[in-house]
Amino acid sequence: MTCASCVNSIERHIGGINGVSSIKVDLMTAQATVHHFEHVLPVEGLRVAVEDMGFDASVIASSALPDPNAAAGSGTGAILGEQPVDSWFSVEGMTCGSCVATITSLLSGLPGVVSADVQLLTAQAMVRHSPREIGVREIADALSDAGYQTSPLSADSGSGSKAVDPSAVALKNLEKHRRQAAIRFAWSLVFAIPMLIISMIIDMALPASNHVAQAFRRKVFQSYSVSVICTFFIATAAQITLGTYFYKHAYKSLVRARTANMDVLIALGTTAAYGGSIVSVALQKGAGEQFFETAVFLMAFVLLGRWLESIAKGRTVSAVEALVKMQPDEALLVRSAAKDRADALESISARQIQLGDLLQVNNGMRVPCDGVVTRGQTEIDESLLTGESVPVPKTEGAAVTGGTLNLSQTIHMRATAINESSTLSRIVKLVREAQSSKPQIQEVADRVASRFVPLVVLASLIVFIAWVAAGASGHINPKWLSSKLMGGLGGQPMDDDGMGEQKLMPYSIFALLNAISVLVIACPCALGLAAPTAIMVGTGIAARF
């Protein structure tokens, strides 16, 4: 996706497919959230539908939505562990369908387990359970006792069929796109720099008496100069290498997605500049106006913009990723011992914490989850939540938040909210929802951008027809038709022999040049990217503070 036009085409096409309830496409993170009926349209069918439009697509996560009737009026139920949650486990030792049936039967018989889905090929199991009745550690222990080594999966591991961290996926994709954009821009410089030297410095800046300028203006093939031949070959190579990227995306947009995006404008503008230059030079036998440099420079500037855009996107998404990493990976579980013995400590994964667990947080450690202090007193750095760096005193009975930093004394705490129900996880969720949301101004911009490209093409045609009509009726000032490349910056057009006889370009070429200008300067991305970029950067900064 390159602009809001792509977003609109995907939302309009996919949203109209039978079985799709709603779709929300996020241009900045290159992700989409689709609510659909699995029995009518499976997730694989959605992926194929998007790829048929000409976009590369892969499934990041797929999960069943909770029953809205069961969840009504229980906004705090999931936080308190009353609503079922989905937990993923890695199960080793399965060899056949019999193992799958055994594990499924074992899981279904555990108290608090609503359903279980065991996958033999990926060696994973998804268990929907009530956290208040049974936790992930107890489920893993039950399977381990049955002879299958089991461990809970984190939010960003496992197969693509489970819930993964969208920030991590977006960051990985953006990094890939950033490298690709950097390579394309580097290749564009290979053509743009020589073109700049020949067309802008030698042809336009150097005086006619300069030996280098004379060498490049020398006719070597019929009536064609060295300068024209060099710029032609550079532009041709750029059209074949760089232009293929834009032609391919323009074809996908027009033929598959049946819409017009920025790539269509770029393809039209560069092709018109390249083709118009060939026609102009051929008709006037090498003495005509040529603008091969326009096609090369346009592609170079667009690729530069996309490279800078990918860098900005990556920095913003990494801010949310840094917020996610504030959550510690491990925790110290306090196991109560006999009266004459000290409590035992066990290091466990933060994903294994269960509601009601007694945890120890040492000095310098981050609080592993939301909870209540049961023993000791300390000072907590809550700048993660409030932005205030002054430590906050905590005594017995005080609430602590996962991800905050213990600064002074060791404390014991009781877990009250874990994993996706914790304050930090809900903050991250709100930031992601804010980034993918569409305010009213963005919806207006998206609608305008979706119609912008056809209007620009129409405007370009009107400009061309108007100037052709003006030229045919003799209403174009002859000074405007002076060839800019034949006399350098001095403004004195020259004839083929450099003696000063004025040469004028045909008014049809002049009209084509003006039409190309309309295509080149019109960019729907400036309109379509403004609102989502502002939202993305703003929420990214908010995530850091």
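1. What is the strand order in the open sheet of 4 strands? Reading across, the order is S4-S5-S3-S6, and the pairing is antiparallel. Before going further, bear in mind that this is a predicted model. The edges of the sheet belong to S4 (113-119) and S6 (149-152), each of which pairs on one side only. From one strand to the next, the twist averages 25°.

2. Now look at how S3 meets S6 in that sheet. Strand S3, residues 85-92, runs antiparallel to S6 and is joined to S6 by 4 bridges. If you want a spot to click on, try Val91, whose bridge partner in S6 is Thr150.

3. A helix belongs to this picture too. Helix H6 (residues 136-145) packs on the sheet, where H6 touches S3, S5 (124-129) and S6. The direction of H6 makes about 170° with that of S6. Which residues of H6 are buried? They are Val136, Arg137, Ile139, Ala140, Ala142 and Leu143. Note that an arginine, Arg137, is on that list. Just after H6 comes Gly147, with a positive phi of about 105°.

4. Helix H2, residues 43-52, is worth a look for its buried residues: Leu46, Ala49 and Val50. These residues lie on the same side of H2, because the arc they cover around the axis is only 95°. After H2 you will find Gly54, and its phi is positive, near 105°.

5. Closer to the start of the chain numbering, go to Glu11 in helix H1 (residues 4-15). Is Glu11 buried or exposed? Its relative accessibility is 18%, so Glu11 counts as buried, the cut-off for that being under 20%. The side chain of Glu11 has a polar atom 3.2 Å from the backbone nitrogen of Val25.

6. There is another open sheet to visit, this one of 3 strands. Its order is S14-S13-S16, and the pairing is again given as antiparallel. S14 (392-394) and S16 (405-406) stand at the edges with a single partner strand each, so one side of each has no neighbour in the sheet. Between S13 (residues 378-381) and S14, which run antiparallel, there are 3 bridges. Within this part, Glu379 stands opposite Pro393 in S14.

7. On to the rings. How many aromatic pairs does the structure hold? The count is 8. One of them is formed by Trp467 and Trp480, an edge-to-face pair with 6.1 Å centre to centre and 80° between the planes. This pair links distant parts of the chain: Trp467 is in helix H14 (residues 440-472), while Trp480 is in the loop between H14 and helix H15 (507-521), 13 residues apart.

8. Are those two tryptophans tucked away? Trp467 is partly exposed, at a relative accessible area of 25%. Trp480 is partly exposed as well, with a value of 45%. Buried would need under 20% and exposed over 50%, so 25% puts Trp467 in between, and 45% does likewise for Trp480.

9. Last stop: a cluster of rings. Phe232, Phe233, Tyr274 and Phe292 are linked into a cluster by ring pairs. Show these side chains together when you look at the aromatic residues.

Notes. Residues numbered from 1 in each chain as written. Predicted model: local features only at pLDDT ≥ 70, side-chain atom pairs only at ≥ 80, totals over all residues. Heavy atoms only, no water. Pairing = 2+ DSSP bridges. Helix = DSSP H or I, 4+ residues; strand = E, 2+ residues; numbered from the N terminus. Phe/Tyr/Trp six-rings, centres within 6.5 Å; stacked < 30°, edge-to-face > 60°. Buried < 20%, exposed > 50% of the residue type's maximum accessible area, 1.4 Å probe, protein only. Polar contact = N/O pair within 3.5 Å; in protein donor to acceptor, adjacent residues only side chain to side chain. Arc of directions from axis to C-beta. Axes fitted to C-alpha atoms, helices over the stretch in contact; angles between N-to-C directions. Contact = heavy atoms within 4.5 Å.
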